[in-house]
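I opened a new page for this one and went through it one topic at a time. My jottings are below, in the order I looked things up.

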Amino acid sequence: MEWLAGILDFIGQQILNVPAYLIGIITAVGLIALRRPVGQVIGGGFKAALGFLILGAGAGVVIESLDPLGELILAVTGAQGVIPTNEVITAIASEQYGTTSAYVLVLGFVVMLLLARFTPLKYIFLTGHHMVFMALLLSVVLTVGFGTDLDWLVIIIGALLLGVIMVVMPAFAHPWTKKITGDDTIAIGHFSTLGYIAAGATGQATGRRSKSTEDVNFPQSLRFLRDSMVATAVSMVLIYMAFAIWGLVSLSADEALGILDSENRGAFLMDAFAQALQFGVGVAIILYGVRTILGELVPAFQGIAAKVVPGAKPALDIPIVFPYAANAVLIGFLASFLGGLVSLAVLAAWLEPAFGLALILPGMVPHFFTGGGAGVYGNATGGRIGAALGGFVNGILITFLPAGLLEVLGELGVENSTFGDTDFGWFGIIIGSGLLGSTALGVILSVLIGLVLLVGAWIFQVRLVETGWVPGVRRDAWLEEQKAAEEQPRSENPDSGISEAHTSE
């Protein structure tokens with residue numbers, strides 16, 4: 001069986017784990033189903049793959065610019081604790097659970113396709129690295145619960161749960177996703193969906209009379225900020241320079257200069273300035289990559305929907321929504337980071353001493369991607385207020401949920417990292433808590449959890465998504481009233497108080 005494990009490991013790690021390859025293959029299959037010429041199939045597949053590589057390159061630039069800022073913030077504040085990083089905990093866990101997770105990943109992908117084909121949950125999850133993360137999380141939690149001598153049971157239960165979560169979460173988020181995109185062509189396939197739903201619900205509750213983050217009337221002297229790329233870069237320059245100056249004041253020269261590998265204080269400030277500009281470059285690259293992907297994948301997916309999974313929608317990574325509200329991305333990111341800091345204070349002052357929960361430090365990268373996404377979802381239903389409060393709620397969730405998840409990771413819980421996004425947290429905690437009894441009870445509870453999620457999403461899809469339920473309709477009505485009031489000519493002369501009708505006569 002080692003040869004089969006090797007093949008599955010190759011498929012899982014070298015193909016499904018590389019979003020660009022997966023997207024390229026899916027696009028080519030869709031174009032083949034549409035009976036496009038060979039040249040168009042090859043070109044479309046490559047262009048879609050290149051789009052994801054462009055998106056990844058942009059994400060890499062953003063990460064490289066944020067890492068020093070996160071290190072600088074932690075240095076000046078003196079915070080210590082666990083930084084949730086999916087990639088780090090995955091690398092650690094793969095050494096022991098890699099083979100098991102490869103089986104879970106490939107079989108889980110098959111389960112997802114079957115569920116998408118034969119249920120109303122027509123979503124195909126295409127964010128490859130998140131599939132790998134979730135497969136590994138389930139392998140760890142189930143192995144801790146069932147024991148290492150029941151790998152076959154871990155693989156079966158893990159594959160079923162992975163297939164379920166990959167069709168369920170895009171369904172639950174879809175009304176808010178449609179609100180953002182304005183149509184029904186794409187879905188969100190990213191395991192921080194609970195944070196996005198919470199942000200959208202928060203926007204509904206708090207921002208009924210709040211205008212969009214993209215509807216900003218700048219003074220003439222500030223019109224250059226209407227360009228989202230410029231506004232993003234300027235904002236990051238202010239943030240970076242503020243913490244750079246704080247670092248020069250509060251840290252020793254060697255410690256401060258070492259963060260950016262600078263030669264002297266002047267070079268340190270200019271290096272900080274350059275990193276802030278690199279952040280703006282990274283965001284611009286991400287937005288271009290998203291446009292490239294959508295231009296190729298969505299039309300090709302119609303072929304898959306028609307031939308393989310009728311009505312299927314691609315569930316894509318969270319940056320796919322960033323172009324719809326670029327200002328909201330920045331607001332959500334900053335608000336999420338603030339929510340992380342506030343939650344860290346609560347953990348340090350109360351929950352860590354009382355319950356032994358780990359101190360979860362706010363990582364800049366997860367707060368940017370999930371917080372930025374939460375800002376877009378909050379803005380869709382609650383405007384500027386929704387973007388800010390939605391991002392803040394997301395920051396709270398990605399602090400407390402990873403702290404709880406550490407309790408069910410077994411020996412991995414002692415490592416200085418954990419899975420960071422919301423769905424890893426709540427799903428891992430629920431599954432892990434259900435394995436505290438006997439093996440038989442753990443199997444029953446795991447299957448029951450999967451069935452409850454599947455049935456709940458099925459009902460949600462049929463009764464809300466397919467009937468066209470739109471979140472935030474009250475705010476939509478208010479916005480229409482505001483628009484009508486602005487377009488309606490004034491009937492009174494504000495200077496004389498005499499009606500325009502009388503003056504015309």
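These entries cover salt bridges, surface patches, one helix and a few backbone angles.

**Before starting.** I reminded myself that this is a predicted model.

**Entry 1: salt bridges.** How many salt bridges does a search of the whole structure find? I got 2.

I took Asp476 and Lys179 to begin with. They form a salt bridge, and their closest N and O atoms are 2.2 Å apart. I then checked where the two partners sit. Asp476 belongs to helix 15 (residues 473-487) and Lys179 to helix 6 (residues 151-181), so this pair ties together parts that are 297 residues apart in sequence. Is Asp476 buried or exposed? Neither, as I found: its relative accessibility is 25%, so I put it down as partly exposed.

Next I turned to Asp184 and Lys313, whose side chains meet in a salt bridge at 3.5 Å, N to O. This pair also links distant parts of the chain, 129 residues apart. I found Asp184 in the loop between helix 6 and strand 2 (187-188), and Lys313 in strand 3 (residues 313-316). For cover, I noted that Asp184 is partly exposed, with a relative accessible area of 36%. Lys313 has 12%, and because buried means under 20%, I wrote Lys313 down as buried.

**Entry 2: a negative patch.** Which residues form the negative surface patch? I listed Glu64, Asp67, Glu71, Glu255 and Asp261. Helix 3 (residues 38-77) gives the largest share, 3 residues. I looked up Glu64 as one example: this residue is in helix 3, and its relative accessibility of 59% makes it exposed.

I also looked at Asp261 from the same list. Its place is the loop between helix 9 (253-260) and helix 10 (265-307). With 67% relative accessibility, Asp261 counts as exposed. I added a note on its backbone: Asp261 has a positive phi of about 55 degrees, although it is not a glycine.

**Entry 3: a nonpolar patch.** I then searched the surface for nonpolar side chains. Val38, Ile42, Phe46, Leu50 and Leu53 make a nonpolar surface patch of about 530 Å². I picked Ile42 for a check and found it in helix 3. Ile42 has a relative accessible area of 45%, so I marked it partly exposed.

**Entry 4: positive phi at Arg35.** Where is Arg35 found? I traced it to the loop between helix 2 (19-33) and helix 3. Arg35 is not a glycine, yet its phi is positive, about 60 degrees. The residue is exposed too, with a relative accessible area of 72%.

**Entry 5: helix 5.** I went on to helix 5 (residues 128-146), which has 19 residues. From first C-alpha to last it reaches 27 Å, close to the 27 Å expected at 1.5 Å a residue. How many of its 19 residues are buried? I noted 16, so helix 5 is mostly covered. Just after helix 5 comes Gly147, and there I read a positive phi of about 100 degrees.

**Looking back.** Helix 3 turned up under both patches, with 3 residues in the negative one and with Ile42 of the nonpolar one. Helix 6 came up under the salt bridges, where it holds Lys179.

Key
Residues numbered from 1 in each chain as written. Predicted model: local features only at pLDDT ≥ 70, side-chain atom pairs only at ≥ 80, totals over all residues. Heavy atoms only, no water. Patch = residues over 30% accessible without salt bridge, like charges linked within 9 Å, V, L, I, M, F, W, Y side chains within 5 Å. Areas by Shrake-Rupley, 256 points an atom, 1.4 Å probe, with all protein chains shown as cover. Salt bridge = Lys/Arg side-chain N within 4 Å of Asp/Glu carboxyl O. Lys, Arg positive; Asp, Glu negative; His and termini not counted. Charge placed at Lys NZ, Arg CZ, Asp CG, Glu CD. Helix = DSSP H or I, 4+ residues; strand = E, 2+ residues; numbered from the N terminus. Buried < 20%, exposed > 50% of the residue type's maximum accessible area, 1.4 Å probe, protein only. Expected span 1.5 Å × (residues − 1).
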